[in-house]
Protein chains: 2
Amino acid sequence: MIYELYYWPGIQGRGEFVRLALEEAGAEYIEMALVPEEQGGGVPAMIQFLEGSEVARPPFAPPFLKAGRKLIGQTANILLFLGPRLGLAPRDAAGRLWTHQLQLTLADFVVEIHDTHHPIGGGLYYEQQKAEAKRRSRDFLAHRLPKFLGYFEGVIARNPDSVKRLAGKRLTYADLSMAQVIAGLRYAFPGAARNALRACPRLRALHDEVFARARIKRYVASGRRLAFNNDGIFRRYPELDAA
Amino acid sequence: MIYELYYWPGIQGRGEFVRLALEEAGAEYIEMALVPEEQGGGVPAMIQFLEGSEVARPPFAPPFLKAGRKLIGQTANILLFLGPRLGLAPRDAAGRLWTHQLQLTLADFVVEIHDTHHPIGGGLYYEQQKAEAKRRSRDFLAHRLPKFLGYFEGVIARNPDSVKRLAGKRLTYADLSMAQVIAGLRYAFPGAARNALRACPRLRALHDEVFARARIKRYVASGRRLAFNNDGIFRRYPELDAA
């Protein structure tokens, strides 16, 4: 199976959570945004799936994955589908549901991280909502960031099957996504992330282990992993960070 | 199986999406917030699951469901679990994934609806973020509300198996949640919802059909369904509505 991943070009964004799972598993996939338009790729092909009236099950937004004739949207849903196929989910049904639950909580976290720089509307520029962004970021860094990180740190601490994983014994897609969120937080809020992560040794170790894995290292070194930048979810606006 | 539903007392909130599924299926469940503390209910019992160090798989937030020894959090995940058990999900795996995808998109919609009155932080009062709420609501009503409603209207229009359902031939939990969102929008934004729903005859019909179903009618008439109020997701602040 060669998967086709549809996502905006130029940013890691939510597509990166899917990419990390595909990369860790050594799965074959095509980044459709990089395929020339005349070969059925690029943004126009993506828009066609979102808006084409012949699409019976249109995604609301990217990322979405084409797996044979299946078209699957919503990041967490894509990972729910891919997890067992890529060997990145627990084998039992209860463990899979729990892993998905963690992924959904990560998705909530990601929305709140994104909204620190876009508290008023995604269609407006940051500069048009900078005052509100400062206020929301202050609240996020004081209350939400430690709450979310403390929660996930506690999840690893309570995992009866592993001292370093969120769910079960084996690496799951939720571990990969968690590591990506930590990397993103360190990019966006270097000061606040350092402070908040002091209390989270298990999360720091999880991040380091994920980015030291052979296939993830190869992916990062390949140049295919885009750098964080100020068009994505995690943006570095120094005025939003805490000292 | 008698399910135990844990959610904040006094509001419909996200718990209501789970309740509507349980009610429509005629499932037995206990609203744990209404059980006296000395019988293991109330808010303290709920907090115990969120914070107790003996809980191996703690939810991040309510609602969560206890089903035998399983403890399941995240609204969409609870419905993913309940759907097949309650006969409220398609029978095929692809149909279930699609229904879940729709539920996740509804969850995204609900976050945006909530954040119209809390754009800065959930820990602050509305009155502390009223100016920002006005700005966010204006953007939401102009851009996001019609985009989400248009999407779901289109999903029904494209459903090859039914002219009135979001997914497949039979009623699913996503149909119930969609109807609840429409009811909530009409409460919160009576002017803007009326305008936006003019272009959505299928969603209006879906809402009416769901709330005309025998078990849902009985639930609404029972007094157990709480009224919408200004502590929940959908709040009526006339200054946020459009004419």
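Me: In the hairpin of S3(B) and S4(B), which residue takes a positive phi?
Reply: Gly68(B) does, with phi near 65 degrees, and the hairpin has 2 residues between its strands. Strands here are DSSP runs of E, at least two residues, and helices are runs of H or I, at least four residues, both numbered from the N terminus.

Me: Hang on, what kind of model is this, and how are things numbered?
Reply: This is a predicted model, where local features need pLDDT of at least 70 and side-chain atom pairs count only at pLDDT 80 or more, while totals for chains, interfaces and linings use all residues. Residues are numbered from 1 along each chain as its sequence is written, and chains are lettered from A and ligands numbered from 1 in the order in which they are written.

Me: Back to the hairpin: how many bridges join S3 to S4 in chain B?
Reply: There are 4, between S3 (residues 64-67) and S4 (residues 70-73), and the two strands run antiparallel. Lys66(B), for instance, stands opposite Leu71(B) in S4(B). Two strands count as paired if DSSP finds at least two bridges between them.

Me: What does S1 of chain B run antiparallel to?
Reply: S1 (residues 3-6) of chain B is joined by 3 bridges to S3(B). In that strand, Phe64(B) is the bridge partner of Tyr6(B).

Me: And what's the strand order in chain B's sheet?
Reply: The order is S2-S1-S3-S4, an open sheet of 4 strands with mixed pairing. S2 (29-31) and S4 of chain B are at the edges with a single partner strand each, so one side of each has no neighbour in the sheet. From one strand to the next, the twist averages 20 degrees. For such angles, axes are lines fitted to C-alpha atoms (for helices, over the stretch in contact), and values run from 0 to 180 degrees between N-to-C directions.

Me: Over in chain A, do S1 and S2 run parallel or antiparallel?
Reply: Parallel: 3 bridges join S1 (residues 3-6) of chain A to S2(A). Glu4(A) stands opposite Ile30(A) in S2(A). Helix H1 (residues 15-24) of chain A packs on the sheet, touching S1, S2 and S3 (64-67) of chain A, and its direction makes about 160 degrees with that of S1(A). Contact means that two residues have C-beta atoms, placed from the backbone, within 7 Å.

Me: New topic. At roughly what angle do H6 and H8 of chain A cross?
Reply: Roughly 105 degrees, with the axes of H6 (residues 173-188) and H8 (residues 201-211) coming within 9 Å. The two helices are therefore roughly perpendicular, the label for angles of 65 to 115 degrees.

Me: Which residues meet there?
Reply: Among them are Ala179(A) and Ile182(A) in H6(A), and Leu206(A) and Val210(A) in H8(A). The contact residues divide into 9 nonpolar, 1 polar and 1 charged. Ala, Val, Leu, Ile, Met, Phe, Trp, Tyr, Cys and Pro count as nonpolar, Asp, Glu, Lys and Arg as charged, and the others, Gly among them, as polar.

Me: Is Ala179(B) buried or exposed?
Reply: Ala179(B) counts as buried, because 20 C-beta neighbours lie inside 10 Å. The cut-offs for C-beta atoms within 10 Å, placed from the backbone, are 20 or more others for buried, 12 or fewer for exposed, and partly exposed in between. Ala179(B) touches residues including His207(B) and Phe211(B).

Me: Last one: what turn lays chain B on chain A?
Reply: A turn of 180 degrees, with a shift of 0.0 Å along the axis and an RMSD of 0.0 Å. The two copies are thus related as by a two-fold rotation axis. The superposition is by least squares on C-alpha atoms of residues with pLDDT of at least 70 in both copies.

How values were computed:
Parallel < 35°, antiparallel > 145°, perpendicular 65-115°, else oblique. Lists of a residue's contacts leave out its neighbours within four places in sequence.
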